[in-house]
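Thanks for asking me to look this one over. Could you open the structure alongside my comments as you read?

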Amino acid sequence: MKAAMRKMHLRRAPEVAGVFLLIASAGCGSKSSTALEPCDTECKDGIALRAVRETMRFVYNQKLQGKPAGAQDAGADCLMMGTAQVFGAGTSNPVQGATEVDLTYVFDGCHFTVPKNPTREHNYAMTITGAVTEKGILAVQPSSTTSLVLSSQALSLTGTVSDPPIAYDETICPLDAAQNGNNVAGTLCRRTASFMGFSN
């Protein structure tokens, strides 16, 4: 009886080994399927678009946030190097909790970067030269929704995007995008670009 069971055990050993091999292979496959895809052109442009919009926010918060409504004209130092000038008009609507803006940002070698973020699409270090217009509603209270049109005839964008960093270098790059709530989408350098999760 013991000899028969031993023979049966020996016959099943290769089958058990095969099952373990399949499980191990499946585990390896699931790991590779959850890995991030390479950051393609659309991914890189989306991050560059985020860099432009967040640099605009940095300048706005530095020079215009909390200022009285009306004509605006202010210069700002950018992070690390470069300058920016923002001018135009802002009309406050306290009932709606929003500000209607018609502003132009002129960047001159304006560098902006952010601390490293675990989400690769939030990582960049970008230097911007050129002018961007911003028109529409900028929410200042949760009861209102931001709705803006952003445009530029030509921007120069030089730096890195993503993590690990990928070089990004575009000149004479048009911008035509819109922000609705926390989402920004449109075209950058005449290519589709978008990102989600922007907060004013």
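Here are my points, from the overall fold down to a single residue.

1. A word on the source before anything else: this is a predicted model, so please read the values below as computed from its atoms.

2. The protein chain holds two helices and eight strands. Starting at the N terminus, both helices come before the strands, in the order α-α-β-β-β-β-β-β-β-β.

3. On packing, 34% of the 200 residues in the protein chain are buried. The accessible surface is about 11600 Å², and carbon and sulfur atoms account for 59% of that area. If we take contacts between residues at least 6 apart in sequence, 51% of them link residues at least 24 apart.

4. The hairpin is a nice place to zoom in. Strand β1 (residues 70-77) pairs with strand β2 (residues 83-93) in the antiparallel sense, through eight bridges. To check the register, start from Gly75, whose bridge partner in β2 is Gln85. Five residues lie between the two strands, and Met80 in this turn has a positive phi of about 80°.

5. Which residues touch the most other members of the largest nonpolar core? They are Phe107, Met126, Leu157, Leu175 and Leu188, in a core of 42 residues. Helix α2 (residues 41-63) supplies the largest share of this core, with nine residues.

6. Leu175 deserves a view of its own. Leaving aside residues up to four places away in sequence, Leu175 touches Leu49, Val52, Val132, Leu150, Ser151, Ser152, Leu155, Thr187 and Leu188. Leu188 also appears beside Leu175 in the list of core residues that touch the most other members.

Technical notes. Residues are numbered from 1 along each chain as its sequence is written. This is a predicted model: local features need pLDDT of at least 70, side-chain atom pairs count only at pLDDT 80 or more; totals for chains, interfaces and linings use all residues. Side-chain values use heavy atoms; hydrogens and water are left out. Helices (H or I, at least four residues) and strands (E, at least two) are DSSP runs, numbered from the N terminus. Buried means under 20% relative accessible area, exposed over 50%, partly exposed in between (1.4 Å probe, protein chains only). Contact means heavy atoms within 4.5 Å. Accessible areas come from the Shrake-Rupley method with a 1.4 Å probe; for residues, only the protein chains shown count as cover. Two strands pair if DSSP finds at least two bridges between them. A nonpolar core is a set of buried Ala, Val, Leu, Ile, Met, Phe, Trp, Tyr and Cys residues joined through side-chain atoms within 4.5 Å.
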